[in-house]
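Open your viewer and get ready to select residues by number. We will go from stop to stop, and each time you will hear what to pick next.

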Amino acid sequence: MRPLILRFSTFLLVTLLFTGANAQDLRFTIWSGNEAHLNMLDGFADSFAEGSPTTTVQLDTIPYGDYVQKVTIQLAGGSPPDIGWLAEASAPTFMDAGVLMDLAPFVEGDTSYDFNDFSDPALGLWRDGDALYGVPFSTSPFFVYYNADMFDAAGLEDPNTLADRGEWTWDAFREAADAIASSTPAGVYGYEQSDGEGYGARVWISIVPMLRAYGADAWNDAGECELASPSAIEAMTLYHDMIFEDQSIVPPGERANFFTGQSGMTITQLSRAANLEDVDFNWSVAPLPSGPAGDVALIGQAALVVFANSPNRDVAIDFLKHMTSKQNVATMAQFFPPARTSVLSSDAFLTSNALLDTTQMQVVAEGIATGSVVPSHPNFPQIDAAARPVFDRLWRADANVAEVLQDTCAAIQPLLD
């Protein structure tokens, strides 16, 4: 067990290997401080050391909400990481800025790496012509985790039973959240948004599943804001009503962690299952609710990238290839759904997570097969910065939902053009 001061520090710094003559310190930025994830990465560093014994791998954990800003500051300050994680929303920005290495010459011609095993659609976001700027290590759908004990106590039908009948809708989700909030003590809610960041760093992840289920989106491929459309207004009115009318969603300024039994549902990804290892309640997973536009699956994606100004680019590329080998992708599959087709299609994937049974893992697999990636754009940081102050008006009980969404489109449309 790691000391708490390290486990929860803003920057988690771990020296994984020994140093020696001509040692190379490889700095690797990530956003997870989860013990199981870190132990797995320790193992990759150990096995990499067998072929590169003078390399020291240093993990820098930066909280997700601060990750892009702090990595950007490091790049601008001339102290870039060597290798790092990068989420889908930020990919176009970093690619457009020219701060990532083109990995194609190093991975596509390596027969031992078997690059053709990667799913072409999974690579699409990271390609620009013939160049490849990232290798996905996680193509992870968002799905519902739910507290089965709270569902039973509230007399609710199981979400998967409803889904089998085509009745697991956002209206049913709202009813379930309201019933749980009404039947539990104060401070326990029906729904906690993704990682408790639904009003901040993960606001888009919180609203996009609803928008798409109602036939809208944040913006479309033509660069047109869709937030002010009638479908988007309908979806966001439901969301607003859940927060302020039903009081079933954790409200702004408060926290209620699903993983400690303080909410009945949350929407997040497979990697968060590690937080459920020692809980004292029964839980399961279900697909995202459907809406008037039908079933919707949302995928978040993260890739390993090598920063162009890394002083250790050759070793960083070797470590990237080591981490995304077939063997290590199979190991990561317990937390991070793979982009290698040989792993995703295997029975081993359905049994890869000790906390989820094969039926539950099938929910994950189906989400990957049918999902679409969360919105991204080269100007995403500016879009996000422009939208947030307007969105903040939405998180008031007396907000005019349609007016706020129209103002949001007005604020971000110039950045989408």
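What follows is a short walk through a predicted model, with rings, a pocket, some loops and a few serines along the way.

**Stop 1: aromatic rings**

Start by colouring the aromatic side chains. The structure holds 28 aromatic pairs. For one of them, select phenylalanine 115 and phenylalanine 118: their ring centres are 5.9 Å apart and their planes meet at 40 degrees, so this pair counts as tilted. A pair of aromatic rings is described by just these two things, the distance of the centres and the angle of the planes. Are phenylalanine 115 and phenylalanine 118 buried or exposed? Both are buried.

Next, select Trp31, Tyr64, Tyr67, Trp85, Phe137, Phe335 and Phe336 together. Ring pairs link these residues into a cluster.

**Stop 2: arginines over rings**

Keep Tyr64 on screen and add arginine 202. Which part of tyrosine 64 does arginine 202 lie over? It is the face of the ring, with arginine 202 at 4.3 Å from the ring centre. You can find a second example by selecting arginine 340 and tyrosine 113: arginine 340 lies over the face of tyrosine 113, at 4.9 Å from the ring centre.

**Stop 3: the second largest pocket**

Now turn on a surface and look for the second largest pocket, which has about 550 Å³ of space. Its lining is made up of 26 residues, and those closest to the centre of the pocket are Ala163, Pro287, Leu288, Val363 and Glu366. Select these five and you have a good place to centre your view.

Which elements each supply at least two residues of the lining? They are helix H8 (159-164), strand E11 (283-286) and helix H16 (358-370). H16 gives the most, with 7 residues. If you colour the lining of this pocket by residue type, you should find 12 nonpolar, 9 polar and 5 charged residues.

**Stop 4: two loops with a positive phi**

Select aspartate 114, in the loop between helix H5 (104-107) and helix H6 (120-123). Its phi is near 55 degrees, a positive value in a residue other than glycine. Aspartate 114 is partly exposed, with a relative accessible area of 27%.

Then jump to glutamine 247, in the loop between helix H11 (230-244) and strand E10 (263-268). The phi of glutamine 247 is also positive, near 55 degrees. With a relative accessibility of 54%, glutamine 247 counts as exposed, because the cut-off for that word is over 50%.

**Stop 5: three serines**

Begin with serine 206, part of helix H10 (residues 203-213). Its relative accessible area is 5%, so serine 206 is buried. Leaving aside neighbours within four places in sequence, what is serine 206 in contact with? Its contacts are Gln193, Ser194, Gly198 and Tyr239.

Move on to serine 138 in strand E7 (residues 135-141). Serine 138 is buried as well, with a relative accessible area of 7%. Apart from neighbours within four places in sequence, it is in contact with Gly300, Gln301, Ala302, Phe336 and Pro337. You have met Phe336 before, in the ring cluster.

Finish at serine 345, in the loop between helix H14 (341-344) and helix H15 (347-350). Is serine 345 buried or exposed? Its relative accessibility is 60%, so serine 345 counts as exposed. For a last try with the distance tool, pick the C-alpha atoms of serine 345 and alanine 303: these residues are 42 apart along the chain, and the two atoms are separated by 20 Å.

Conventions:
Residues are numbered from 1 along each chain as its sequence is written. This is a predicted model: local features need pLDDT of at least 70, side-chain atom pairs count only at pLDDT 80 or more; totals for chains, interfaces and linings use all residues. Side-chain values use heavy atoms; hydrogens and water are left out. Rings of Phe, Tyr and Trp (its six-membered ring) pair if their centres lie within 6.5 Å; planes under 30 degrees apart count as stacked, over 60 as edge-to-face and the rest as tilted. Buried means under 20% relative accessible area, exposed over 50%, partly exposed in between (1.4 Å probe, protein chains only). A charge sits over a ring if NZ of Lys or CZ of Arg is within 6 Å of the ring centre and within 35 degrees of the ring normal. On a 1 Å grid over the protein atoms alone, a cavity is a set of points where a 1.4 Å probe fits but cannot get out, and a pocket is an open set with protein on both sides within 12 Å along at least five of seven lines; lining residues have an atom within 4 Å of a point. Grid points are joined across faces, edges and corners, and a volume is the space filled by probe spheres set on the points. Helices (H or I, at least four residues) and strands (E, at least two) are DSSP runs, numbered from the N terminus. Ala, Val, Leu, Ile, Met, Phe, Trp, Tyr, Cys and Pro count as nonpolar, Asp, Glu, Lys and Arg as charged, and the others, Gly among them, as polar. Contact means heavy atoms within 4.5 Å.
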